[in-house]
Amino acid sequence: MNLTEHNQSDRCDHFSCPERSVSPAVYILLYVCSAAVVLITMCGNLLVIISVLHFKQLHTPTNMLVLSLAVSDYLVGTLVMPPSLIWTMESCWIFGKDFCTMFWILSGFLLISSIYNITLIAVDRYLALSNPFIYMNRVSVRITCVVIVFDWCMIVIYILAFMYFNGNFTISAMCPGECLIIVNQVWYVIDLIYSFIFPLSVIIILYTLVFVIAKKHATAIRELNNHTRPQTQKITSHSMKSERKAAKVLGILVSVFLVCLLPYFIYSLLGNVIEIQTELFQKITIMICLNSTINPVIYALFYPWFRRCVKLIITLQIFQTDSALINVLS
């Protein structure tokens, strides 16, 4: 949630909203495409939310984390993406000072929640692969939900602390047609560590360990396949394969997230050193938002259960009696 803009006062006197340089047809097309992206983001993540909530077979600790991420992505598509796209297309902030403040609060909250949801997914995959028996016996849906609620509450507390202790937070929309947030030096460092350095370090370290463990599991499975083994070992082998596949898919999810986040992470590191133009920052913000659009596509490409759930939802079969008990994993 690094919302830093420095040395802006000297250019406020000269700032004005630029005139549109595109034709009316292109302008309308941009709005149509933007509306389509927002709609895809909302509908895609809503399908994930309905799927995980409705089908009891999907009530697993990992899917609860996927659900939490989908909720964040849905809120991004609903509350953050539309004003971001309009701001970019208009080259001007047209929503006023009060909504500018609310926009940054929501953007910061949802960005941090997405980062920490991804972090919890990395922790979940590491525990599942490094200690599978302990994970199966100790990690439950209820415990995972408690952790998710605690995580969201901590983020709310952090946002409130940020608002209260950062003296310049209330200076927003400082320039006519611009939406700026001024962050003091102390909170700039705190925010950088809490929002980026710490969670990204955890994600990178844990997923490095996950792939090392997955490689060891693959070797163990090949060795088991070379010998006759009892049924219990066959079950163990199947479980190991399932966990490795889940780690691979979620690894793709995390990788795409990091790619979308990388420009903003670089901006956060350099924001106190160089001046970044508003137009570039707008594009960086949109790139982060597009991650919320991509995530449901990843589920559709790599999760057969999600495709089955979408079919059941679209055909309205979820309204049938006992539809929650339908086997969507086979």
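Student: Let's start with one residue. In which helix is the place of Thr41?

Tutor: Thr41 sits in helix α2, which covers residues 24–54. Keep in mind that this is a predicted model.

Student: Is Thr41 buried or exposed?

Tutor: The label depends on relative accessible area, and buried means under 20%. Thr41 has 0% relative accessibility, so it counts as buried.

Student: What does the side chain of Thr41 reach, and which residues is Thr41 in contact with, leaving aside neighbours within four places in sequence?

Tutor: Its side chain comes to 2.8 Å from the backbone oxygen of Val37. Once neighbours within four places in sequence are set aside, Thr41 contacts Asp73, Gly77, Met81, Ser292 and Thr293.

Student: On to helix α4. How far apart are its end C-alpha atoms, and what span should its residues give?

Tutor: The idea is to take 1.5 Å a residue and compare. For the 35 residues of α4 (residues 96–130) the expected span is 51 Å, and the end C-alpha atoms are 51 Å apart, which agrees. As for burial, 25 of those 35 residues are buried, so α4 is largely enclosed by the rest of the structure.

Student: Where is Leu106 found, and which residues does Leu106 touch, not counting those up to four places away in sequence?

Tutor: Leu106 belongs to helix α4. With a relative accessible area of 22%, Leu106 is partly exposed. Beyond four places in sequence, it touches Leu79 and Val80. The C-alpha atoms of Leu106 and Val80 are separated by 7.1 Å, though the two residues are 26 apart along the chain.

Student: How do I read a helix pair, and at what angle do the axes of α4 and α6 cross?

Tutor: Two packed helices are described by the angle between their axes and the distance between the axes. Here the axes of α4 and α6 (residues 141–165) come within 10 Å and cross at roughly 145 degrees. The crossing is right-handed. Among the residues making the contact are Ile105, Gly108 and Phe109 of α4, and Val147, Asp151 and Trp152 of α6.

Student: Now the rings. How many aromatic pairs does the count come to?

Tutor: The count is 18 aromatic pairs. Take Phe103 and Trp104: their ring centres are 5.3 Å apart and their planes lie at 65 degrees, so this pair is edge-to-face. Tyr299 and Tyr303 have ring centres 6.0 Å apart and planes at 20 degrees, so that pair is stacked.

Student: Are Phe103 and Trp104 buried or exposed?

Tutor: Both Phe103 and Trp104 are buried, and both Tyr299 and Tyr303 are buried too. Ring pairs also join Phe103 and Trp104 with Trp87, Trp93, Phe95 and Phe99 in a cluster.

Terms used. Residues are numbered from 1 along each chain as its sequence is written. This is a predicted model: local features need pLDDT of at least 70, side-chain atom pairs count only at pLDDT 80 or more; totals for chains, interfaces and linings use all residues. Side-chain values use heavy atoms; hydrogens and water are left out. Rings of Phe, Tyr and Trp (its six-membered ring) pair if their centres lie within 6.5 Å; planes under 30 degrees apart count as stacked, over 60 as edge-to-face and the rest as tilted. Buried means under 20% relative accessible area, exposed over 50%, partly exposed in between (1.4 Å probe, protein chains only). Helices (H or I, at least four residues) and strands (E, at least two) are DSSP runs, numbered from the N terminus. A polar contact is a pair of N or O atoms within 3.5 Å; within protein, one must be able to donate a hydrogen and the other to accept it, and residues adjacent in sequence count only if both atoms are side-chain atoms. Contact means heavy atoms within 4.5 Å. The expected span of a helix is 1.5 Å times one less than its number of residues. Axes are lines fitted to C-alpha atoms, for helices over the stretch in contact, and angles run from 0 to 180 degrees between N-to-C directions. A crossing is left-handed if the near helix is turned anticlockwise from the far one by less than a right angle, and right-handed if clockwise.
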